[in-house]
Amino acid sequence: VFQGLYETLGVALRTALRLRLELIPDIDVRMGIGWGELTLAPVDPPFGQDGPCWWRAREAIDEVKQGEASNSVPKSLRTRCRTETEMDGLINSYLGLRDHVVSGFDEIDARLSVLRLAGTTQAEMAAKVGLSQSSVSRRFQSHGLFAVIDAQPASVVMPG
């Protein structure tokens with residue numbers, strides 16, 4: 001179990017992706033992202049933190065867990081987000097598609113994706129993973145790496 005606090009929803013979505021990619025192929029995690037007010041109590045964090053954001057994140061993780069036992073949810077679903085706004089449908093559709101593509105990544109795809117998130121060029125990636133630049137380019141095209149990385153929202157503007 002881990003928790004994080006991020007300034008924007010876009011940063012939280014990007015961090016969740018990076019964490020999942022970094023853990024391939026050894027571990028696959030369930031992640032719930034909650035958006036909302038945070039309340040601080042006079043106790044050391046994270047236990048001194050409460051509020052809708054924490055409860056929504058817990059509900060999102062529970063949704064992923066329940067989906068694992070359901071035939072109506074893709075088994076590749078690993079991440080959900082709860083904001084209690086009209087954005088939930090769009091964000092969770094994106095996360096479902098992202099999770100589906102990432103579930104097919106091997107260790108090299110995951111490493112290339114992390115490098116792309118860091119702004120590394122394809123030539124630099126090729127040198128780091130021991131592939132030709134054309135092999136890296138083919139992987140980005142045929143394995144869905146461009147779709148996952150370039151569709152990643154830089155920021156998400158929440159209504160209200």
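What share of the contacts in the protein chain with a separation of 6 or more comes from residues 24 or more positions apart? Keep that one in mind; the exercises below all use this predicted model.

**Exercise 1. Work out how the chain is built and how its contacts are spread along the sequence.**

Start with the inventory: the protein chain has seven helices and four strands. Next, put them in order, and reading along the sequence gives α-β-β-β-α-β-α-α-α-α-α. The radius of gyration is 17 Å, close to the 15 Å from the globule rule for 160 residues, so the chain is as compact as a globular protein of that length. For the outer dimensions, the C-alpha trace spans about 55 × 35 × 30 Å along its principal axes. Now back to the opening question: residues 24 or more positions apart supply 60% of the contacts with a separation of 6 or more.

**Exercise 2. Describe the surface, the buried share and the charges of the protein chain.**

Take burial to begin with: 39% of the 160 residues are buried. Then look at the outside, where the accessible surface comes to about 9,200 Å² and carbon and sulfur atoms own 55% of it. Last, the charges: there are 17 positive and 20 negative ones, and their mean positions are 6 Å apart.

**Exercise 3. Find the aromatic pair and say how its two rings sit.**

A pair of aromatic rings is described by the distance of the centres and the angle of the planes. The structure holds one such aromatic pair. Its partners are Phe140 and Phe146, with 5.0 Å centre to centre and 45° between the planes. To name the geometry, recall that under 30 degrees would be stacked and over 60 edge-to-face, so a 45° angle makes the Phe140–Phe146 pair tilted. Now check each ring's surroundings. Phe140 has a relative accessible area of 1%, so Phe140 is buried. Phe146, at 22%, counts as partly exposed, because buried means under 20%.

**Exercise 4. Track down two backbone oddities, one in a peptide bond and one in a phi angle.**

Here's the background: most residues other than glycine have a negative phi, and most peptide bonds are trans. Step one is the peptide bond: Ile24 and Pro25 are joined by a cis bond, with omega about 5°. Pro25 sits in the loop between α1 and β1 (31–34). Step two is the phi angle: Glu84 isn't a glycine, yet its phi is positive, about 60°. You'll find Glu84 in the loop between β4 (79–82) and α3 (88–102). With a relative accessible area of 44%, Glu84 is partly exposed.

**Exercise 5. Is Ser76 buried or exposed, and which residues does Ser76 touch?**

First locate Ser76: it belongs to the loop between α2 (52–68) and β4. Its relative accessible area is 13%, so Ser76 counts as buried. Leaving out residues up to four places away in sequence, Ser76 touches Arg20, Asp99, His100 and Ser103.

**Exercise 6. Place Gly4 and Ala123, then look up a C-alpha separation for each.**

Begin with Gly4, which lies in the segment before α1 (9–23). Gly4 is partly exposed, at 38% relative accessible area. From Gly4 to Thr15 is eleven residues along the chain, and their C-alpha atoms are 9.3 Å apart.

Move on to Ala123, in helix α5 (residues 122–129). Ala123 is partly exposed as well, with a relative accessibility of 42%. Ser137 is 14 residues away from Ala123 along the chain, and 9.4 Å separates the two C-alpha atoms.

Technical notes: Residues numbered from 1 in each chain as written. Predicted model: local features only at pLDDT ≥ 70, side-chain atom pairs only at ≥ 80, totals over all residues. Heavy atoms only, no water. Helix = DSSP H or I, 4+ residues; strand = E, 2+ residues; numbered from the N terminus. Rg over C-alpha atoms; globule rule 2.2 N^0.38 Å. Buried < 20%, exposed > 50% of the residue type's maximum accessible area, 1.4 Å probe, protein only. Contact = heavy atoms within 4.5 Å. Areas by Shrake-Rupley, 256 points an atom, 1.4 Å probe, with all protein chains shown as cover. Lys, Arg positive; Asp, Glu negative; His and termini not counted. Charge placed at Lys NZ, Arg CZ, Asp CG, Glu CD. Phe/Tyr/Trp six-rings, centres within 6.5 Å; stacked < 30°, edge-to-face > 60°.
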